[in-house]
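Reader: Hi! Could you take me through one part of this model in detail, the charged side chains that pair up, and then show me how that part sits in the rest of the chain?

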Amino acid sequence: MYQLCRAIFNNPSDKTKVTLVFGNVSEEDILLKREFEDLENTYPQRFRAFYMLDKPSENWIGGTGYINFDLLKKVLPEPKVENIKIFVCGPPGMYKSISGPKKSPQDQGDLGGFLKELGYQKDQVYKF
């Protein structure tokens, strides 16, 4: 995901807005957190990151638990807006709940999970 963000923000003519929803077990597990924070600070109108931790420390002020329907409804753009692409990456259980499983590297499978419930279409979702 970071490579995709870098390509977007390194292209001066690209005005894409990016919302990252990142689930981890603990804060120490968040890969590239500093780099994502740099993107938030450099592009505050175009990049937002939301972190969910399954086992947060006492000092954690972000989200807790798993990525869920309510969070996605709150932070993602409306599915009716044109030019939306949702990228999903993670373990099989996360695919199942968020987007439905991917059948194979060549077959995205049917759209399911929270994204389908929110009204997104299959062509708006890409499963890595």
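Author: Glu37 counts as partly exposed, at 31% relative accessibility. Keep in mind that the model is predicted, and that the values below are computed from it. The side chain of Glu37 meets that of Lys33 in a salt bridge, with 2.7 Å from N to O. Why can these two reach one another? Both belong to helix α2 and are four residues apart there, so about one helical turn separates them.

Lys33 has a second partner. It also forms a salt bridge with Glu27, and here the closest N and O atoms are 3.9 Å apart. A salt bridge requires a nitrogen and an oxygen within 4 Å, so the value of 3.9 Å for Lys33 and Glu27 passes that cut-off. Taken together, Glu27, Lys33 and Glu37 are linked in a network of salt bridges. How many salt bridges does a search of the whole structure find? It finds two, and the pairs are Lys33 with Glu27 and Lys33 with Glu37.

Are the members of this network buried or exposed? Lys33 is buried, with a relative accessible area of 19%. The limit for buried is under 20%, so the 19% of Lys33 falls on the buried side of it. Glu27 counts as partly exposed at 34% relative accessibility, and Glu37 counts as partly exposed at 31%. The picture is of a buried lysine linked to two glutamates, with Glu27 partly exposed and Glu37 partly exposed as well.

Now let's step out to the helix. Helix α2 covers residues 33-42 and lies across strands β1 and β2, running at about 145 degrees to β2. Those strands belong to an open sheet of three, in the order β1-β2-β3, with parallel pairing. At the edges are β1 (18-24) and β3 (63-64), each of which pairs on one side only. Between β1 and β2 (residues 47-53) there are seven bridges, in the parallel sense. You can follow the register by eye: Leu20 stands opposite Ala49 in β2, Phe22 opposite Tyr51, and Gly23 opposite Met52.

In a regular strand the side chains alternate between the two faces of the sheet. For β1, the covered face holds Val18, Leu20, Phe22 and Asn24, while the uncovered one holds Thr19, Val21 and Gly23. Strand β2 is mostly covered, five of its seven residues being buried.

Where do the sheet and helix fit in the fold? The chain contains five helices and five strands, and along the sequence they follow the pattern α-β-α-β-β-α-β-α-α-β. For 128 residues a compact globule would have a radius of gyration near 14 Å, and the 15 Å of this chain agrees with that. Along the principal axes, the C-alpha trace spans about 40 × 40 × 25 Å. Buried residues account for 34% of the 128. Of the contacts between residues at least 6 apart in sequence, 57% join residues at least 24 apart.

For another lysine to set beside Lys33, try Lys73 in helix α3 (residues 69-75). Lys73 is exposed, with a relative accessible area of 56%, whereas Lys33 is buried at 19%. The C-alpha atoms of Lys73 and Leu32 are separated by 25 Å, and the two residues are 41 apart along the chain.

Since you work at the bench, you may also want to know about the cysteines. A disulfide is a covalent bond between the sulfur atoms of two cysteines. How many disulfides does the structure hold? The number is zero. Cys5 is in no disulfide, and its nearest cysteine sulfur, that of Cys89, is 12 Å away. A disulfide needs two sulfur atoms within 2.5 Å, so at 12 Å Cys5 and Cys89 do not qualify. Cys5 counts as buried, at 4% relative accessibility, while Cys89 is partly exposed, with a relative accessible area of 47%.

How values were computed: Residues are numbered from 1 along each chain as its sequence is written. This is a predicted model: local features need pLDDT of at least 70, side-chain atom pairs count only at pLDDT 80 or more; totals for chains, interfaces and linings use all residues. Side-chain values use heavy atoms; hydrogens and water are left out. Two strands pair if DSSP finds at least two bridges between them. Helices (H or I, at least four residues) and strands (E, at least two) are DSSP runs, numbered from the N terminus. Contact means heavy atoms within 4.5 Å. Axes are lines fitted to C-alpha atoms, for helices over the stretch in contact, and angles run from 0 to 180 degrees between N-to-C directions. Buried means under 20% relative accessible area, exposed over 50%, partly exposed in between (1.4 Å probe, protein chains only). The radius of gyration is taken over C-alpha atoms; the globule rule is 2.2 Å times the number of residues to the power 0.38.
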